[in-house]
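Please look over the model below and work through the questions on its charged pairs and on the packing of its helices.

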Amino acid sequence: MDAATDTRLPADAEILARLVAARHSCRGYLPTPVAHATIETMLRIAQGTASWCNSQPWQAIVTEGEATERFRDALFAHATGNRWEDQKTRPEQPDFAFPARYVGIYKERQRETGWALYNSVGVTHGDRVGSGKQMLENFRLFGAPHVMIITTEEDLGIYGAIDCGAYVANVMLAAQSLGIATIAQAALAGVSDFIRAHFDIPAHRKIVCGISFGYADPEHPANGFRTTRVGLDQVVTFET
């Protein structure tokens, strides 16, 4: 029985299981903004995230209203001007190195997710123009009315980034509990220098990722698929 529907779970565990199961990467949003008070509630919940030595390294810039539109327009112009739609030539400059490669089961999972997305929006195999256009939607923030830029302190190194990863997960679960859709975007980390300049972020703050958020558009085709998860037997080893 799936954990999200297992009625034998304690009440709190059942709620958490349902939130985890319901959360997905939303790639199409309604223009309706999220109320400022609701955003603050989401962030207060996530602020309880555990961190190494309680350092709480995350800092977030959250856009609303015209600030989102200014950033969206500038970001998309930057991405298209630098041919980010071309998978072979796009000039990624993340503060934290992206994966060197995906091989074996990791490549299979990447491909499964990518083709599920492409199939949902009508991009056929070999359609480089179509896949490039879909990738560029990252730089339109998928139409979301808000985006968060999450940074960590340079001196905290990889552990600061790990702590921020836990914070990202909790932001998305808190959002789900409030009816807010989200998508964590590593693509934004690939233009870290541009983002740092746009928001006047100090050099010692390293960009981890972005989270676009708002209310999901139920009619958008990109929201019509879900990724899969493997069973515990493929990721956990119990020693007795």
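Q: Is E154 buried, partly exposed or exposed?
A: In this predicted model, E154 has a relative accessible area of 43%. Buried means under 20% and exposed means over 50%, with partly exposed in between, so at 43% E154 is partly exposed.

Q: Which side chain does E154 meet in a salt bridge?
A: E154 lies in the loop between strand 2 (146-153) and helix 6, and its partner lies in strand 4 (residues 205-214), so the pair ties together parts that are 52 residues apart in sequence. The partner counts as buried, at 18% relative accessibility. The N to O distance is 4.0 Å, and the side chain that E154 meets is that of K206.

Q: Which residue forms a salt bridge with R196, with the closest N and O atoms 2.4 Å apart?
A: R196 is in helix 8 (residues 192-199), and its partner is in the loop between helix 3 (66-81) and helix 4 (104-121), 101 residues apart, so that the pair links distant parts of the chain. At 12% relative accessibility R196 counts as buried, whereas the partner, at 24%, counts as partly exposed. With the closest N and O atoms 2.4 Å apart, the residue is D95.

Q: Which residue is linked with D95 and R196 in a network of salt bridges?
A: The salt bridge between R196 and D95 belongs to a network that has a further acidic member. The residue linked with D95 and R196 is D193.

Q: How many residues apart are E14 and R18 in helix 1?
A: E14 forms a salt bridge with R18, the closest N and O atoms being 3.0 Å apart, and R18 counts as partly exposed at 41% relative accessibility. Both residues lie in helix 1, where their separation is about one turn of the helix, namely four residues.

Q: How are helix 1 and helix 6 oriented, roughly parallel or roughly perpendicular?
A: Helix 1 (residues 11-22) and helix 6 (residues 157-177) pack with their axes 9 Å apart, at an angle of about 100 degrees. Angles of 65 to 115 degrees count as roughly perpendicular, and therefore helix 1 is, relative to helix 6, roughly perpendicular.

Q: How many nonpolar residues are there in the contact of helix 1 with helix 6?
A: Helix 1 contributes L16, L19, V20 and A22, while helix 6 contributes L173, Q176 and S177. Of the residues in this contact, two are polar, none is charged, and the nonpolar ones number five.

Note on methods
Residues numbered from 1 in each chain as written. Predicted model: local features only at pLDDT ≥ 70, side-chain atom pairs only at ≥ 80, totals over all residues. Heavy atoms only, no water. Axes fitted to C-alpha atoms, helices over the stretch in contact; angles between N-to-C directions. Helix = DSSP H or I, 4+ residues; strand = E, 2+ residues; numbered from the N terminus. Parallel < 35°, antiparallel > 145°, perpendicular 65-115°, else oblique. Contact = heavy atoms within 4.5 Å. Nonpolar A, V, L, I, M, F, W, Y, C, P; charged D, E, K, R; others polar. Buried < 20%, exposed > 50% of the residue type's maximum accessible area, 1.4 Å probe, protein only.
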